[in-house]
Amino acid sequence: MPPAHPFDTSFLRDAEEDDKLKEECGVFGVIGVGDAANFVALGLHALQHRGQEAGGIVSHHPEHGFQSARRFGYVRDNFTSQKVMETLPGPLAIGHVRYSTTGSKGQTAIRDVQPFFGEFAMGGAAIAHNGNITNANALRRELIERGSIFQSSSDSECIIHLMARSLQRTIPERMEDALRRVEGAFSVVAMTRTKLIGVRDPLGVRPLVLGKVGEGWALSSETCALDIIGGEFIREIEPGEMVVITANGVESHFPFRPQKPRFCIFEHVYFSRPDSILGGRSVYETREAIGRELAKESPVEADLVCPVPDSGTPAAIGYSLASGIPYAMGIIRNQYMGRTFIEPTEQIRNMGVRLKLNVNRALIKGKRVILVDDSVVRGTTSRKIKEMILDAGAKEVHFRIASPPTAWPCFYGVDTPQREKLLAATMSEEEMRDHLQVDSLKFISLDGLYRAVGEADGRNSVQPQYCDACFSGEYPVEPADQIESGFEMKAAE
Ligand code: SF4
């Protein structure tokens with residue numbers, strides 16, 4: 001267990017943020033710049049929304065070899081000290097921020113913090129993985145039976161052991177070999193002594209982009225992390241593509257059987273930062289388009305449109321623009337919450353969501369309010385927010401949700417509660433409205449969401465253009481480990 005911090009506000013994560021789906025990892029790598037680890041630290045800082053539990057950096061220097069630092073907590077608290085950064089010299093480095101996908105969730109051990117490192121006959125390699133391997137249990141059992149000794153409880157470590165067993169000559173070839181055995185979602189950033197390597201799974205479920213930084217190159221989960229280092233966004237790594245980057249430039253391979261891409265549609269709704277570009281589209285503009293679709297699909301007479309900050313903001317702006325109902329910041333988020341309290345006493349714990357969000361009473365009193373949020377997971381936060389709005393004197397509260405009902409867990413690198421804890425898994429829309437005690441509750445339709453992300457004809461029900469399993473229950477890769485543990489897939493219609 002990481003040591004308790006005197007300013008620990010993790011109880012808030014349990015109480016409130018547990019009501020959000022959480023992206024579980026961000027990856028970043030740089031080659032061909034002086035002190036690459038400094039660039040990686042900045043990149044990871046920009047990707048902090050993808051994982052706050054822990055982070056790590058591995059660097060390589062021609063004289064000092066591989067060096068690594070792995071820490072619990074935020075990047076800004078660990079990788080800003082000169083003392084730490086001086087231990088990570090060299091022109092090549094990769095890094096990882098983690099929530100926790102598999103392994104000791106909520107009680108990560110330092111051995112579970114990536115990047116992972118392996119020493120092979122042809123030299124060392126470090127890897128950082130975003131996603132989730134859906135056949136990790138079977139792979140781990142097989143590898144252990146054949147003599148592998150695992151250091152961590154993470155699914156990602158399977159990749160290192162599969163590489164160790166490969167008979168290929170080079171590390172990139174061994175990585176191809178290993179990843180062909182892996183099922184599920186993976187965006188991997190890896191490094192050898194001289195190469196930066198990026199790979200995306202054949203469906204391209206999780207994002208990975210290529211950037212240029214000075215004379216060097218960068219790989220990142222999102223484009224916003226290229227901006228922070230003054231890099232230029234070149235292109236997305238294609239689904240099923242492996243890029244091997246050296247001083248001579250970028251080589252591209254397609255080592256997997258080609259498949260129709262199924263990018264995670266929830267990245268557009270919530271996970272990615274609004275200042276990132278996904279699929280050639282601004283995430284902010286997509287979220288605004290979602291709000292416009294919602295307004296078209298589910299209009300209601302009201303006085304104000306208010307976002308549930310911060311993730312509901314672009315959709316609320318879109319709803320307001322399309323409906324003509326004024327937009328207002330009816331709820332204010334305290335950005336400095338994490339540094340406010342020394343001791344979370346019982347009384348403070350009971351304040352729950354009020355510690356982070358406060359209603360702007362002067363705006364709300366006597367008004368019919370439309371609240372726009374990105375998703376409803378357990379519904380606990382939605383209910384508290386509704387109470388706060390009514391306490392402030394609102395006449396009516398209407399919820400509009402920028403994603404369809406989340407009725408199924410994600411097994412591709414996103415932390416989701418068990419299916420029975422998802423409100424939409426056990427209740428109809430009307431039942432959820434009654435449960436939340438709001439005047440109306442409407443979710444965007446799956447077709448409406450597809451239109452907002454640029455699919456003019458909506459969802460292709462025969463061959464969906466995205467992964468939308470958490471809404472539809474149609475999993476593009478069978479979650480073998482979960483089925484083995486008793487998970488029941490949706491019955492075929
Ligand atoms: S199940 Fe949902 S959150 Fe997970 S990858 Fe698919 S769309 Fe994204």
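**Arg98**

I began with Arg98 in this predicted model and asked which residues it touches once neighbours within four places in sequence are set aside. I found contacts with Glu24, Cys25, Gly51, Gln52, Glu53, Ala54, Thr108, Asp112 and Val113. I then looked up where Arg98 sits, and it belongs to strand β5, which covers residues 92–98. Is Arg98 buried or exposed? Its relative accessibility is 3%, so I noted Arg98 as buried, the cut-off for that being under 20%.

**Helix α6**

Next I turned to α6, residues 157–165, and wanted to know how many of its residues are buried. I got seven of the nine, so the helix is largely enclosed by the rest of the structure. I wrote down the buried ones: Glu157, Cys158, Ile159, Ile160, His161, Leu162 and Met163. What covers them? I listed two helices and three strands that take part: α5 (136–145) and α7 (171–180), along with β6 (116–120), β7 (123–133) and β8 (184–191).

**Tyr270**

I moved on to Tyr270, which I located in helix α9. I checked its C-alpha atom against that of Ser311: the two residues are 41 residues apart along the chain, yet these atoms are separated by 6.5 Å. Ser311 also turned up when I looked for contacts of Tyr270 outside its neighbours within four places in sequence. The other partners I noted there are Lys20, Leu21, Arg287 and Asp374.

**The ligand**

α9 (266–271) came up again when I looked at the ligand: this helix and α18 (469–472) each supply at least two residues of the shell around the ligand. Which of the 13 residues around the ligand come nearest? I noted Arg206, Cys264, Cys410, Cys467 and Cys470. I sorted the shell by class and got eleven nonpolar residues, two charged ones and no polar ones. I also looked up the space that the ligand takes, and it is the largest cavity.

**Confidence**

Last, I checked how far to trust the prediction. The chain has an average pLDDT of 91, and 91% of the residues score at least 70. Residues 1–16 fall below 50, and I found 27 contacts for this stretch in the model beyond near neighbours in sequence. Where else does pLDDT stay under 50? I found residues 339–343, a stretch with eleven contacts in the model beyond four places in sequence.

Note on methods
Residues are numbered from 1 along each chain as its sequence is written. This is a predicted model: local features need pLDDT of at least 70, side-chain atom pairs count only at pLDDT 80 or more; totals for chains, interfaces and linings use all residues. Side-chain values use heavy atoms; hydrogens and water are left out. A residue is near a molecule or strand if one of its heavy atoms lies within 4 Å of it. On a 1 Å grid over the protein atoms alone, a cavity is a set of points where a 1.4 Å probe fits but cannot get out, and a pocket is an open set with protein on both sides within 12 Å along at least five of seven lines; lining residues have an atom within 4 Å of a point. A molecule sits in a cavity or pocket if more than half of its atoms lie within 2 Å of its grid points. Helices (H or I, at least four residues) and strands (E, at least two) are DSSP runs, numbered from the N terminus. Ala, Val, Leu, Ile, Met, Phe, Trp, Tyr, Cys and Pro count as nonpolar, Asp, Glu, Lys and Arg as charged, and the others, Gly among them, as polar. pLDDT is the predictor's confidence in each residue, from 0 to 100. Contact means heavy atoms within 4.5 Å. Buried means under 20% relative accessible area, exposed over 50%, partly exposed in between (1.4 Å probe, protein chains only).
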